[in-house]
Amino acid sequence: MILLFGSFLLLSVYSTDATAAETVDKPQTLAYRVAWNGLAAAYATISIRSDELALPRAYMIDAAARTNSFVDLFYRFRGKAHVSFLADQQVPLHFRYERDIRGVPYDTTITFSP
């Protein structure tokens, strides 16, 4: 589930080419249902928005993923991630990934310097 969650996040960050960047002017939310052999197993959402007050302009991506109640019996996962990067250069600024796996909390924070 962690790799799946990370791939959603990376897909969103690296799919923002010039055309996609123009469409991010309006906040967007993407919703995913993750299934295994046709059975619902988890849910994920990704919200993409731009910070028009920041100069230079920045984008923020918030993502969340969680297993459903049936999968929780075997492997409980809750995760949130926040990514921000400069829009024109696609330079990362900040990354935070909080997750709870089987009741054990993990937190990863990366702050990038120019």
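1. Accessible areas here come from the Shrake-Rupley method with a 1.4 Å probe. On that basis the chain, which is a predicted model, exposes about 7400 Å², and carbon and sulfur atoms supply 61% of this area. Of the 114 residues in the chain, 33% count as buried.

2. As to the overall layout, the chain holds three helices and six strands, and reading along the sequence gives the pattern α-α-β-β-β-α-β-β-β. Among the contacts in the chain with a separation of 6 or more, 38% are accounted for by residues that lie 24 or more positions apart.

3. Strand E3, which covers residues 58–67, deserves a paragraph of its own, and it is mostly covered, with seven of its ten residues buried. On one side of the pairing list, E3 is joined to strand E2 (residues 39–51) by ten bridges, and the two strands run antiparallel. E3 also pairs with E4, again in the antiparallel sense, and nine bridges are found between these two strands.

4. Individual residues can be placed within these pairings. Ala-65 of E3 is the bridge partner of Ala-44, while Ala-58 stands opposite Leu-86, a residue of E4. Ala-65 has a relative accessibility of 5% and therefore counts as buried, the cut-off for that class being under 20%. Ala-65 can also be related to Ala-81: the two are 16 residues apart in sequence, and their C-alpha atoms are 9.0 Å apart in space. When looking along such strands, it may help to recall that in a regular strand the side chains alternate between the two faces of the sheet.

5. The next point concerns the stretch that includes helix H3 (69–72) and the loop between this helix and strand E4 (77–86), where Phe-74 is found. Phe-74 has a relative accessibility of 58%, so this residue counts as exposed. Together with Phe-70 and Leu-73, Phe-74 makes a nonpolar surface patch of about 400 Å².

6. How many salt bridges does a search of the whole structure find? The search returns five, and one of them is formed by Asp-72 with Arg-78, whose closest N and O atoms are 2.7 Å apart. Arg-78 has a relative accessible area of 18% and is therefore buried, although this value should be read with the cut-off in mind, since buried means under 20%.

7. A further group of charged residues deserves attention, in that Arg-96, Glu-98 and Asp-107 are linked in a network of salt bridges. Within this network, the side chains of Arg-96 and Glu-98 meet at 3.6 Å, N to O, and those of Arg-96 and Asp-107 meet at 2.7 Å, N to O. Because Asp-107 lies in strand E6 (residues 104–111) and Arg-96 in strand E5 (residues 92–101), the latter pair ties together parts that are eleven residues apart in sequence.

8. Are the members of this network buried, exposed or partly exposed? Arg-96 counts as partly exposed at 32% relative accessibility, Glu-98 counts as partly exposed at 37%, and Asp-107 is likewise partly exposed, with a relative accessible area of 45%.

How values were computed: Residues numbered from 1 in each chain as written. Predicted model: local features only at pLDDT ≥ 70, side-chain atom pairs only at ≥ 80, totals over all residues. Heavy atoms only, no water. Helix = DSSP H or I, 4+ residues; strand = E, 2+ residues; numbered from the N terminus. Buried < 20%, exposed > 50% of the residue type's maximum accessible area, 1.4 Å probe, protein only. Contact = heavy atoms within 4.5 Å. Patch = residues over 30% accessible without salt bridge, like charges linked within 9 Å, V, L, I, M, F, W, Y side chains within 5 Å. Salt bridge = Lys/Arg side-chain N within 4 Å of Asp/Glu carboxyl O. Pairing = 2+ DSSP bridges.
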